[in-house]
Amino acid sequence: MTTTSTMTETPLTARRVDPSAAVARTTSRSSVREVWVQVLAMAWRALKKMRRKPEQFFDVLIQPLLFTAMFAFIFGGAISGSVSDYLPVLIPGILAQTALTVCMATGVQLREDMDKGVFDRFKSLPIARVAPLAGPMIADLIRYGIASVLTLVTGLAIGYRPGGGVLGCVGGVALTVISGWSLAWIFTWLGTMARSAQSVQGISMMIMFPLTFLSNAFVPAETLPGWLQVFVKVNPVSHVVSAVRDLFNDGAVTAEVGWAVIGCVVVVVIFAPLAVRSYSRKM
Amino acid sequence: MADLGAVRAENLVKEFGDFRAVDGIDLHVRQGEIFGVLGPNGAGKTTMLRMLATLLSIDGGHAEIFGVDVRREPHRIRQLVGVTGQYASVDEDLTARENLWLFARLQGLTGTRAKTIAGELLERFGLQEAADRPLSQFSGGMRRRLDLASSLITRPPLIFLDEPTTGLDPRTRGQMWDTIRELVTDGSTILLTTQYLDEADQLADRVAVIDRGRKVAEDTPDALKTQVGDSTLQLSLADGSDIALAANIVRRLLGEEPVLTPESGRMNIPLPDPNRAADVLIGLREAGLGISSVSVAKPTLDEVFLALTGHGAVDEPQMEAAR
Ligand SMILES: Nc1ncnc2c1ncn2[C@@H]1O[C@H](COP(=O)(O)OP(=O)(O)OP(=O)(O)O)[C@@H](O)[C@H]1O
Ligand SMILES: [Mg+2]
């Protein structure tokens, strides 16, 4: 141990605690740098938990495999004439659906986590209130990544040949990850509001099913009745799916990509502050 | 610099619906002391502590910690107070070392320093061997120690301990007491709650007794005990018919009036000086009276309550009403 250490460096050694010095050292809020360190620390915690409980990866592993194959062989002929013609439509749709499933898990897990004893500790520490929310969401980027890549690989295995090439695919996966992460703030907000993890699960289901099935994720919007088309057109999931299709199939950065990105930004700007506020109030 | 006191709370109020869990409590804790808050289940101890620690909102009154306003500057308060709650608030899915590392990082320590401090705390609290095991394998006592260690990472000048020894075995309880005394030697101030008069007696410089959200007394443990009364010597005679004889011996030796239960041959004798218990025993032996059991009982929290409030500590109807 060094001899020039300050008090915080030698927390347990002979130097006496000096209350007035401690008061003088306090700050009225965390600096941006401090917040970043806190968010990373919480992300580290979430990663540790993922490693210890690999069963939470089941949804991101099973869903892409199962749904891609199932939907392709069941609906392929009916919707697009053949499985190989359906794949360019289907794969981006499955991608969006999988990302939403991961979002939902984010909200449910946050709620479960908030009921644990350790959250009392987090509340009593001088940390920014956004850290316990944003930390797990950073760790979740890994889950979005795994889910997207797995869906794409399953598609390739059953004969999908994306016209956008490698760059188009990388772009499409990146957009899916960004969209998933942004939409997750909605479910995080739900997580901070709801009474229990089960209720988060229930509410999220009710949001997720209309969002994915009342979109162009699995069928072309033109085949739907007019009133439904109106909803499908404003559904942000439709825009993300269209954008990912453009990237995967044509390697083109179209207006749809722009709309999808703008939609994501809007969602984050609205729901991240809502989530933090509702979380702070819970304490 | 004037001593602002560690805690100054005036007329604190917390309401849950129309039930007042904390009903106008004043609390002044001096720097460097151990201040005990004594009270039965549901008295409002935890609620009061959580309000002061910014974990619950303050519905009425005013609180300052080292001169910092609790309501207006919660972030500063959190830098000054280490909280060890009634139930361990550590992460069950991490190891002990990972817990300490995480809490240290969250409070802005660098990675290496966080590692050093985690190591030091594990050693100080006798947790090195279990350091890398999952917490699910920890005993209640180990969890408690880890929880306390987690509150000490930045050496906060004020430490809240909510029933720090409830559920610990006598040896672990003794160790906890030693640790608490060390913290004060290092310059920290301690505010602790307890249900045991004995614990307050051992540790605290001053004690506030609270009941149903109100403070009913505040004094040194000695003064409180004097208010309450003395220990008692409890005897059972081998032959109950000797009881009148035995009572006479007690009166002659101690000048105290024993309380008799002739049916069972038992008597309770007020004992201002515990040393004189031996006089009674010798006196009975010399008179040829056999004893089947003997014990010395200290005043209990229940007796403190009876003396201070006129009702017992375990007061079921009140507990029901609180629900
Ligand atoms: N969140 C809450 N909502 C409603 N009532 C509450 C809440 N928290 C505590 N209470 C009530 O407030 C009263 C005081 O509770 P508190 O936990 O402060 O008591 P305590 O003195 O710490 O008791 P114990 O010794 O059992 O820990 C109790 O009657 C309890 O039922
Ligand atoms: Mg309590």
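How many disulfides does a search of the whole structure find over all chains? In this predicted model, the search returns 0 disulfides over all chains. A:C103 accordingly takes part in no disulfide, and the nearest cysteine sulfur, which belongs to A:C264, lies 9.8 Å away. Seen from the other side of the pair, the cysteine sulfur closest to that of A:C264 is the one in A:C103, and because the two are 9.8 Å apart, they are too far from each other for a bond, given that a disulfide requires a pair of cysteine sulfur atoms within 2.5 Å. With regard to solvent exposure, A:C103 is buried, its relative accessible area being 0%, and A:C264, at a relative accessibility of 7%, is counted as buried as well.

For chain B, the secondary structure comprises 12 helices and 14 strands, and the C-alpha atoms occupy a box of roughly 75 × 45 × 45 Å when taken along the principal axes. Of the 323 residues in chain B, 51% are buried. Among the contacts in chain B with a separation of 6 or more, 65% are made by residues that stand 24 or more positions apart.

The accessible surface of chain B amounts to about 14000 Å², and carbon and sulfur atoms contribute 48% of this area. Chain B carries 35 positive and 48 negative charges, and the mean position of the positive charges is separated from that of the negative charges by 5 Å.

Key
Residues numbered from 1 in each chain as written. Chains lettered and ligands numbered in written order. Predicted model: local features only at pLDDT ≥ 70, side-chain atom pairs only at ≥ 80, totals over all residues. Heavy atoms only, no water. Helix = DSSP H or I, 4+ residues; strand = E, 2+ residues; numbered from the N terminus. Buried < 20%, exposed > 50% of the residue type's maximum accessible area, 1.4 Å probe, protein only. Contact = heavy atoms within 4.5 Å. Areas by Shrake-Rupley, 256 points an atom, 1.4 Å probe, with all protein chains shown as cover. Lys, Arg positive; Asp, Glu negative; His and termini not counted. Charge placed at Lys NZ, Arg CZ, Asp CG, Glu CD.
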